[in-house]
Amino acid sequence: MTNTLKIITTSTRPGRVGPTVSDWVARVARDVDVITAEPVDLADMELPLLDEAQHPAKQQYEHAHTKRWSAQIAGADAAIFVLPEYDYFAPASFVNAVQCLMLEWKYLPVGVVCYGGVSGGLRSAQEARQLLGNVGAYAIPQTVPVPFVANAISADGALETNDKMDLGLAGMIKELAKLAEVMKPLRSGIEAG
């Protein structure tokens with residue numbers, strides 16, 4: 001497996017459940033074994049709100065945090081955003097992280113695993129997919145929701161899923177692996193302009 005799938009935990013709030021959902025995504029990715037999965041936590045990226053002087057399309061980053069984030073995405077062949085729903089929308093940490101970069105997203109196949117209450121985060125996922133498309137990523141239509149996520153966490157802190165959720169996620173990962181292979185030549189020719 002030469003292609004890399006970045007599993008991006010987008011929530012940065014204290015007490016968040018995003019890492020628990022991301023652990024499930026990583027476990028299914030290992031079981032599917034069609035692409036190498038690497039976790040990325042936006043909390044570790046420590047991205048402030050849009051603090052680069054130059055437009056991200058120039059890739060003239062001044063700050064170490066932006067360079068570190070750019071390297072994470074430039075090293076991806078596909079990505080899954082693990083996304084909560086805050087007030088019927090994607091979290092500000094996700095929006096900021098996407099808008100900090102530009103060319104790194106071009107032709108990147110991406111999927112969304114969302115979580116929340118009754119909607120399972122689907123409203124957040126729809127907004128996220130639109131933003132990702134706007135920056136040139138290829139947001140696949142398959143989305144895997146985790147409804148009532150607080151009730152799905154076991155006493156030992158693991159996410160309890162069912163076969164349909166696992167199969168849906170495995171299908172998403174397989175689709176991203178196929179697209180990563182096809183889109184890799186397109187991504188190799190991207191340069192700042």
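**View 1. Strands β4 and β5 run side by side in this predicted model.** The two strands pair in the parallel sense, and 6 bridges link them. To find your way along the pair, look for Y115, which stands opposite V146 in β5. How does the chain get from β4 to β5? Helix α5, residues 122-134, carries the chain across, and this β-α-β crossover is right-handed.

**View 2. Strands β3 and β4 form another parallel pair.** Here residues 78-84 make up β3 and residues 109-115 make up β4, with 6 bridges between the two strands. One partnership to pick out is that of L83, whose bridge partner in β4 is C114.

**View 3. Step back a little, and 5 strands come together in an open sheet.** Reading across the sheet, the order is β2-β1-β3-β4-β5, and the pairing is parallel. Which strands stand at the edges? They are β2 (36-41) and β5 (138-146); each has a single partner strand, so one side of each is left without a neighbour in the sheet. Neighbouring strands are turned against each other by 20 degrees on average, with direction ignored.

**View 4. Two helices, α1 and α6, lie across strands of the sheet.** Helix α1 lies across β1 (4-9), β2, β3, β4 and β5, and runs at about 160 degrees to β1. Helix α6 lies across β1, β3, β4 and β5, and its angle to β5 is about 165 degrees.

**View 5. Now see how α1 and α6 pack against each other.** Helix α1 covers residues 18-32 and helix α6 covers residues 163-188; their axes are 9 Å apart, at an angle of about 65 degrees. Angles of 65 to 115 degrees count as roughly perpendicular, so α1 is roughly perpendicular to α6. The crossing of α1 past α6 is right-handed. On the α1 side, the meeting residues are W24, V25, V28, A29 and V32, while α6 brings M165, D166, L169, A170, I173 and K174. What kinds of residues make this contact? There are 9 nonpolar, 2 charged and no polar ones.

**View 6. Our last stop is E160, in the loop between β5 and α6.** Find V21 as well: E160 and V21 are 139 residues apart in sequence, yet their C-alpha atoms are 9.6 Å apart in space. Which residues does E160 touch, leaving aside its neighbours within four places in sequence? E160 is in contact with A152 and S154.

Definitions and conventions
Residues numbered from 1 in each chain as written. Predicted model: local features only at pLDDT ≥ 70, side-chain atom pairs only at ≥ 80, totals over all residues. Heavy atoms only, no water. Axes fitted to C-alpha atoms, helices over the stretch in contact; angles between N-to-C directions. Helix = DSSP H or I, 4+ residues; strand = E, 2+ residues; numbered from the N terminus. Parallel < 35°, antiparallel > 145°, perpendicular 65-115°, else oblique. Left-handed = near helix turned anticlockwise from the far one by under 90°. Contact = heavy atoms within 4.5 Å. Nonpolar A, V, L, I, M, F, W, Y, C, P; charged D, E, K, R; others polar. Pairing = 2+ DSSP bridges. Right-handed = clockwise from strand over helix to strand, strands pointing away.
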